[in-house]
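Subject: Handover of a structure, with notes

Dear colleague,

I am passing on the structure we spoke about, and I would be grateful if you could read the notes below with the coordinates open beside them.

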Amino acid sequence: GGGGRLVPFNERKTISTIKGEHLGTNQEKPDFLTFNLTFLKRDKEGGAWYPACFNSNEPCKNRYKVTQTTDMRWFCEKCNNTYENCVRKWIFSGTVSDDTCTTWVSFFNEQAETLLGGAVANEVYAECMSENQDQDKYDSYFERANFSEWVFKCKVKQEMVGDESRVKTTVFSMQPVDYAKESREMLDAISKFA
């Protein structure tokens with residue numbers, strides 16, 4: 001989820017710069033931006049995970065989507081094997097905001113685990129969905145993340161959705177806001193204006 005050098009406060013962008021500077025529209029390569037954002041909520045459409053291949057070795061490494069067969073097993077097209085079980089991995093969209101506007105971003109497994117305090121999709125599925133459906137407990141994982149503040153590094157790229165071109169923002173890495181450090185950097189930036 002985290003890792004890498006944290007972009008200094010004065011080099012960060014706002015959500016409005018995505019449209020304002022036409023970021024993500026280069027067909028050749030994505031733009032990478034760093035934002036201070038507040039996570040607002042998860043998109044409630046569909047589940048927040050996908051079934052991934054049980055094979056933890058090459059070529060799958062528990063990443064590739066599997067389909068359930070008629071005999072209730074799981075088939076992976078990537079390794080061409082069928083397994084008794086699958087591994088659930090996080091994937092969902094959420095709304096984030098800054099002081100300029102809001103936008104949708106996509107979260108994948110590692111970043112979602114960071115956002116959700118280390119919650120692993122497979123374990124949450126087993127706890128909340130497999131035998132005893134506990135929607136309230138499931139929702140509580142996301143409710144704890146609501147209104148949390150992060151420094152997100154995002155990939156912004158134009159993609160085709162059906163026959164429509166859209167700019168998609170995907171969380172690449174994230175770290176919780178370090179308020180003391182942010183305050184020092186903000187004061188430093190302000191002092192340069194004087």
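The notes that follow go from the chain as a whole to its strands, then to one helix, and finally to the charged side chains.

Please keep in mind throughout that this is a predicted model, and that the values below are computed from it.

**The chain as a whole**

The chain has 194 residues, of which 38% are buried, and its secondary structure consists of 5 helices and 9 strands. In sequence order these elements follow the pattern α-β-β-β-β-β-β-β-α-α-α-β-β-α. Along the principal axes, the C-alpha atoms fill a box of roughly 70 × 40 × 30 Å, and the accessible surface comes to about 11800 Å², with 49% of that area belonging to carbon and sulfur atoms. Among the contacts with a separation of 6 or more, 60% are between residues that lie 24 or more positions apart.

**Strand 6 and its partners**

Which strands are joined to strand 6 by bridges? Strand 1, which covers residues 31–42, is joined to strand 6 by 4 bridges in an antiparallel arrangement, and within this pairing Lys41 stands opposite Thr95. Strand 2, at residues 49–52, also runs antiparallel to strand 6 and is joined to it by 4 bridges, with Ala52 standing opposite Val87. Strand 7, at residues 102–108, is antiparallel to strand 6 as well, and here there are 7 bridges, with Val96 placed opposite Thr103. The connection between strand 6 and strand 7 is a hairpin that passes through 4 residues.

Is strand 6 itself largely enclosed or largely open? Of its 11 residues, at positions 87–97, 9 are buried, and strand 6 is therefore largely enclosed by the rest of the structure.

**A sheet of three strands**

There is also an open sheet of 3 strands, in the order 3-4-5 and with antiparallel pairing. Its edges are formed by strand 3 (67–68) and strand 5 (81–83), each of which pairs on one side only. Between strand 3 and strand 4, the latter at residues 74–76, there are 2 bridges, and Gln68 faces Trp74 across this antiparallel pair, standing opposite it in strand 4.

**Helix 4**

Helix 4 spans residues 135–145, and its buried residues are Tyr138, Asp139, Ser140, Tyr141, Phe142 and Ala145. What covers these buried residues? The cover includes strand 1, strand 2 and strand 6, together with helix 2 (109–115), helix 3 (121–130) and strand 8 (148–161), so that strand 6, described above, appears here again as part of the surroundings of helix 4. Just after helix 4, Phe147 takes a positive phi of about 65°, which you may wish to look at in the backbone.

**Charged side chains**

The chain carries 25 positive and 29 negative side chains, and the centres of these two sets lie 4 Å apart. Side chains of opposite charge can pair when their charged atoms come close, and in this structure there are 9 salt bridges. I describe some of them here, together with the accessibility of the residues that take part.

The side chains of Lys13 and Glu21 meet in a salt bridge at 3.5 Å, taken from N to O. Lys13 has a relative accessibility of 29% and so counts as partly exposed, and Glu21, with a relative accessible area of 42%, is likewise partly exposed.

A second salt bridge joins the side chains of Arg73 and Asp71, with an N to O distance of 4.0 Å. Since a salt bridge is counted within 4 Å, this pair is listed at the limit of the criterion. Arg73 counts as partly exposed at 28% relative accessibility, and Asp71 is partly exposed with a relative accessible area of 46%.

Further along the sequence, the side chains of Lys192 and Asp188 meet in a salt bridge at 3.5 Å, N to O. Is Lys192 exposed or buried? At 61% relative accessibility Lys192 counts as exposed, because exposed means over 50%, whereas Asp188, with a relative accessible area of 39%, is partly exposed. Apart from this pair, salt bridges that share partners join Asp71, Arg73 and Glu84 into one network.

With kind regards

Note on methods
Residues numbered from 1 in each chain as written. Predicted model: local features only at pLDDT ≥ 70, side-chain atom pairs only at ≥ 80, totals over all residues. Heavy atoms only, no water. Buried < 20%, exposed > 50% of the residue type's maximum accessible area, 1.4 Å probe, protein only. Contact = heavy atoms within 4.5 Å. Areas by Shrake-Rupley, 256 points an atom, 1.4 Å probe, with all protein chains shown as cover. Lys, Arg positive; Asp, Glu negative; His and termini not counted. Charge placed at Lys NZ, Arg CZ, Asp CG, Glu CD. Pairing = 2+ DSSP bridges.
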